[in-house]
Amino acid sequence: MSFLIDGMVGELNRQLLRYAVGRAISCPGCKAILDERSAVLVTVGKTSVVQCGECHDKTVHKLEYAWRIAVGR
């Protein structure tokens with residue numbers, strides 16, 4: 001039964017990332033057009049930011065606590 005819930009959570013995370021990429025369209029750091037296969041959604045508290053993979057790799061060390069969804073990587 002746990003594998004079913006894990007699959008549902010994974011699908012929910014993928015759809016959440018797709019929605020965030022569609023809303024943002026471009027990375028706030030480098031202004032490149034986002035691709036859901038390489039984008040990362042970072043949520044800290046109640047704030048969420050979607051970034052391209054390269055910008056995320058540059059800024060991930062600055063985060064103290066984060067929940068990351070890295071579907072396409």
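This is a short group-meeting talk on one protein model, going from the overall layout to the salt bridges, the cysteines and a few single residues.

Okay, hi everyone. One thing up front: this is a predicted model, so please hear everything I say in that light.

Let's start with the layout. The protein has two helices and three strands, and going from the N terminus the order is α-β-β-α-β. There are 73 residues, and 26% of them count as buried. On the surface side, about 5,500 Å² is exposed, with 59% of that coming from carbon and sulfur atoms. And if you take contacts between residues at least 6 apart in sequence, 40% of them join residues at least 24 apart.

Now helix H1, which covers residues 2-24. How does its span compare with what its 23 residues should give? At 1.5 Å a residue you'd expect 33 Å, and the end C-alpha atoms are 33 Å apart, so the two agree. As for what H1 turns inward, the buried residues are Gly10, Asn13, Leu17, Ala20 and Val21.

Next, salt bridges. How many are there in the whole structure? The search finds three. Let me walk you through them.

One sits within H1 itself. Glu11 pairs with Arg14, and the closest N and O atoms are 3.3 Å apart. Both residues are in that helix, three residues apart, so we're talking about one turn. Glu11 is partly exposed at 36% relative accessible area, and Arg14 is partly exposed too, at 37%.

Another one leaves the helix. Glu36 bridges to Arg18, with 3.2 Å between the closest N and O atoms. Arg18 is in H1 while Glu36 is in the loop between H1 and E1, so this pair ties together parts that are 18 residues apart in sequence. On exposure, Glu36 comes in at 35% relative accessible area, partly exposed, and Arg18 is at 45%, also partly exposed.

Then there's Arg37 with Asp35, where the side chains meet at 2.9 Å, N to O. Is Arg37 buried or exposed? Exposed, at 59% relative accessibility. Asp35 is partly exposed, with a relative accessible area of 30%.

Right, cysteines, since somebody always asks. How many disulfides do we get? Zero. Why does Cys27 not count as bonded to Cys55? The two sulfurs are 3.6 Å apart, and that's too far for a bond, because the cut-off for a disulfide is 2.5 Å. Cys27 is buried, by the way, at 1% relative accessible area. Cys30 is in no disulfide either: the nearest cysteine sulfur is the one in Cys52, 3.7 Å away. Cys30 has 42% relative accessibility, so put that residue down as partly exposed. If you have the structure open, have a look at both of those sulfur pairs.

On to backbone oddities. Most residues other than glycine have a negative phi, which is why I went looking for the exceptions. Which residue just after H1 takes a positive phi? That's Ile25, at about 65°. Ile25 belongs to the loop between H1 and E1, and at 53% relative accessibility this residue counts as exposed.

Lys31 is in the loop between H1 and E1 as well. Phi of Lys31 is also near 65°, again a positive value in a residue other than glycine. Lys31 is exposed, with a relative accessible area of 60%.

So that loop has come up a few times now. It holds Ile25, Lys31 and also Glu36, the partner of Arg18 in helix H1.

Last stop, strand E1, which runs over residues 40-44 and includes Thr43. Is Thr43 buried or exposed? Buried, at 14% relative accessibility. What does the side chain of Thr43 make a polar contact with? The side chain of Ser48, at 3.1 Å.

To wrap up, here's what I'd keep in mind: an α-β-β-α-β order, three salt bridges, zero disulfides, and positive phi values at Ile25 and Lys31. And once more, the model is predicted. That's me done, thanks.

Key
Residues numbered from 1 in each chain as written. Predicted model: local features only at pLDDT ≥ 70, side-chain atom pairs only at ≥ 80, totals over all residues. Heavy atoms only, no water. Helix = DSSP H or I, 4+ residues; strand = E, 2+ residues; numbered from the N terminus. Buried < 20%, exposed > 50% of the residue type's maximum accessible area, 1.4 Å probe, protein only. Polar contact = N/O pair within 3.5 Å; in protein donor to acceptor, adjacent residues only side chain to side chain. Salt bridge = Lys/Arg side-chain N within 4 Å of Asp/Glu carboxyl O. Expected span 1.5 Å × (residues − 1). Contact = heavy atoms within 4.5 Å. Areas by Shrake-Rupley, 256 points an atom, 1.4 Å probe, with all protein chains shown as cover.
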